[in-house]
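User: Please take me through this two-chain model by question and answer, and say how far each statement can be trusted.
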Amino acid sequence: MHLSRPARIALRTAAALGLAVIYLPLLLVLVNSLNPDRSSSWPPPGLTLDWWSVAWRNDGARAALWTSVEAGLAATAIALVLGTLIAFAVQRHAFFGREAISFAVVLPIALPGIVTGIALNSAFNTVLEPLGVGLGLFTVVVGHATFCVVVVFNNVAARLRRLPGSYEEAAMDLGAHSFRAFVDVTFPLMRSALLAGGLLAFALSFDEIVVTTFTAGPGVQTLPIWIFNNMTRPQQAPVVNVVAALLVLLSVIPIYVAQRLSSDTASASRI
Amino acid sequence: MTDAVAAAGPLRRLAGTLHRRPRLRLSLLLSAPLLWLVLAYLGSLAALFLSAFWTTDSFTSEVVKVWSTDNFEALLTESLYRQVALRSVGVALAVTALCAVIAFPIAFYTARVARPRWRPLLVVAILTPLWASYLVKVYAWRLILSEGGPLDWALRPFGLSGPGYGLTATVLVLTYLWLPYMILPIHAGLEQLPDGLLDASADLGAGTGRTFRSVVLPLVLPSVAAGSVFTFSLSLGDYITVQIVGGKTQLIGNLVYSNVTLNLPLAAAVGTVPVVVIVLYLLAVRRTGALRSL
């Protein structure tokens, strides 16, 4: 299709504007964390790093960050195991109900978070409470793992689809039993898919707020919950600004790792 | 060698048994995930929707387990619920339409106009904000839209001011949040568009506009539909953004949220509304063939 010069220029301008609008809010968060004014007035009267050291000493934010990391790691570990098991079952076996299982895996992330949240909340209250287990970090991990399974499943299933079974068969012909073949052949070939899936699962869990609201006990605060609770408190505004800026900076890490991983993995499936 | 075989004996025997019995292997693979998904997740979902048919004692707020369709009747007859449901669907549709209109030129540039060398980089640039925290992005917009904030400051020289917190702000922020989910499928769709079709259209005498209307749009429509699944369902279920930048605006999610502690059955009944709407939307979209390209 031959586009006229003005049409090309118009499209280029539109794309540049679009990207600018996508990045400006993130840039603003970074600038605002350096804003010396307590109520983040705009434009900032100057720039200062003071709030970063104040935030560093803020116990609430640090505890919340740590809780988020713990919940994310635990949920990721569970999701890696469950997602890989389902991927192997669905990709390497033909059985009745295969489609239904693929569908059930996607459901927790396809339904609105609040529906998943209150469903788990009332289930925990009726099943776990009589057993003496209250809402806490454990229930947060269960909730997060439920919707993290799908990203691991997607990555591993996509990898298995492209991996011919003949590698494993060759290993077995050479005398390896199926566990040996898995450890020496299949696992190394799917390691990057597991890494990508795990990365996505951790990012999903780290960012989650809705399901967390309904599965966390009163004493458990993940970082998003902490930000949400402190967002409207004028006293805490500068610290919230710094935490927000920190999260923007930290999001560079998964992007870097995702780019290091190969084509069909994280970069293509952040959904 | 023989030592190794002897040491691995039981393991090897187990591997052999599993190899010969695919059913056993399958049930071992599936038991743990199915216990989790079916028992823990689908079980609690089913219980929740069952509880939508229960009622609440208005004095003690305790759930009364007597079958009744009161909650659903209230949903259909009371104007508050109808209004909020319609507003939520309206917001989701508006966000989807805005995303499609904004995403198209950007995707057209990244997929067909930009130099091929730059294209992967542009895709990464669009993808990157998806890794930044959802809450941080909404918070950024809370700052931008605040009274006397950056938007007001930027518009003041023109004698204008920002929309402030409210329904407009909600639509704006949701559009911002889900825009990449619309750009990426459209980019993929445009990228796969064969050059031959465009040349053929030009050879047959069609101008750029005609080629766009008759060739490009129909072929890319499934991609737009695929993107709209995300923008629509993510907007419909959202209640955090509304709480942060929506002022007094209420959407379905807020109604569910405000009823959870006092009247769980009613909250469950209200919660069925977005689920039903999303399922209907998926069924409608499936007819375009968009779900296959997800």
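The turns below go from confidence to the fold, the contact between the chains, the core and a few local details.

User: What kind of model is this, and what ipTM does the model score?
Analyst: This is a predicted model, in which local features need pLDDT of at least 70 and side-chain atom pairs count only at pLDDT 80 or more, while totals for chains, interfaces and linings use all residues. Residues are numbered from 1 along each chain as its sequence is written, and chains are lettered from A and ligands numbered from 1 in the order in which they are written. The model scores a pTM of 0.87 and an ipTM of 0.87.

User: Which stretch of chain A has pLDDT below 50?
Analyst: pLDDT is the predictor's confidence in each residue, from 0 to 100, and chain A averages 87, with 96% of the residues at 70 or above. Among the elements of chain A, helix α3 (residues 59-92) has the highest mean, 94, and helix α12 (residues 252-260) the lowest, 82. The stretch with pLDDT below 50, which has 20 contacts in the model beyond near neighbours in sequence, is residues 264-271 of chain A.

User: How many helices are there in chain A?
Analyst: Helices (H or I, at least four residues) and strands (E, at least two) are DSSP runs, numbered from the N terminus. Read along the sequence, the pattern of chain A consists of α elements throughout, and its C-alpha atoms fill a box of roughly 75 × 70 × 30 Å along the principal axes. Strands number zero in chain A, and the helices number twelve.

User: Where does UniProt place the feature "domain: ABC transmembrane type-1" in chain B?
Analyst: UniProt positions are given in the numbering used here, feature names are shortened, and annotations may be inferred rather than shown by experiment. In chain A, the unreviewed UniProt entry puts this domain at residues 65-258, a span that is 80% helix and 0% strand with its end C-alpha atoms 22 Å apart. The corresponding span in chain B is 78% helix and 0% strand, with end C-alpha atoms 20 Å apart, and the unreviewed entry places the feature at residues 85-285 of chain B.

User: What distance separates the centres of domain 1 and domain 2 of chain B?
Analyst: Domain bounds come from an automatic or database domain assignment, and for chain B this gives domain 1 (2-51) and domain 2 (76-293). Taken over C-alpha atoms, the two centres are separated by 40 Å.

User: Which helix of chain A gives the most residues to the side that touches chain B?
Analyst: Two residues are in contact if their C-beta atoms, placed from the backbone, lie within 7 Å, and the contact between the chains takes 63 residues from chain A and 73 residues from chain B. On the chain A side, 46 residues are nonpolar, 13 polar and four charged, where Ala, Val, Leu, Ile, Met, Phe, Trp, Tyr, Cys and Pro count as nonpolar, Asp, Glu, Lys and Arg as charged, and the others, Gly among them, as polar. The helix that gives the most to this side, with 14 residues, is α1 (residues 5-32) of chain A.

User: Which helix gives the largest share of the largest nonpolar core?
Analyst: A nonpolar core is a set of buried Ala, Val, Leu, Ile, Met, Phe, Trp, Tyr and Cys residues joined through C-beta atoms within 7 Å; a residue is buried if 20 or more other C-beta atoms lie within 10 Å of its own, exposed if 12 or fewer, and partly exposed in between, with C-beta atoms placed from the backbone. The largest core has 162 residues, and those touching the most other members include A79(A), C148(A) and W178(B). The largest share, 16 residues, comes from helix α9 (residues 167-191) of chain B. Both domain 1 (2-51) and domain 2 (76-293) of chain B give residues to this core, so it lies between them.

User: Which residues does A79(A) touch, beyond those up to four places away in sequence?
Analyst: Buried residues make up 46% of the 271 residues in chain A, and A79(A) is among the core residues that touch the most other members. Leaving out residues up to four places away in sequence, the partners of A79(A) are A145(A), C148(A), V149(A), V152(A) and A201(A).

User: Is L18(B) buried or partly exposed?
Analyst: L18(B) lies in helix α2 (residues 9-20) of chain B and touches S178(A), L24(B) and R25(B), not counting residues up to four places away in sequence. With 17 other C-beta atoms within 10 Å, L18(B) is partly exposed.

User: Why is helix α13 of chain B largely enclosed by the rest of the structure?
Analyst: The buried residues of α13(B) pack against α5 (113-127) of chain A together with α5 (79-113), α11 (208-237), α12 (240-245) and α14 (264-286) of chain B. Helix α13 (residues 252-259) of chain B is largely enclosed because seven of its eight residues are buried. Those buried residues are I252(B), G253(B), N254(B), L255(B), V256(B), Y257(B) and N259(B).
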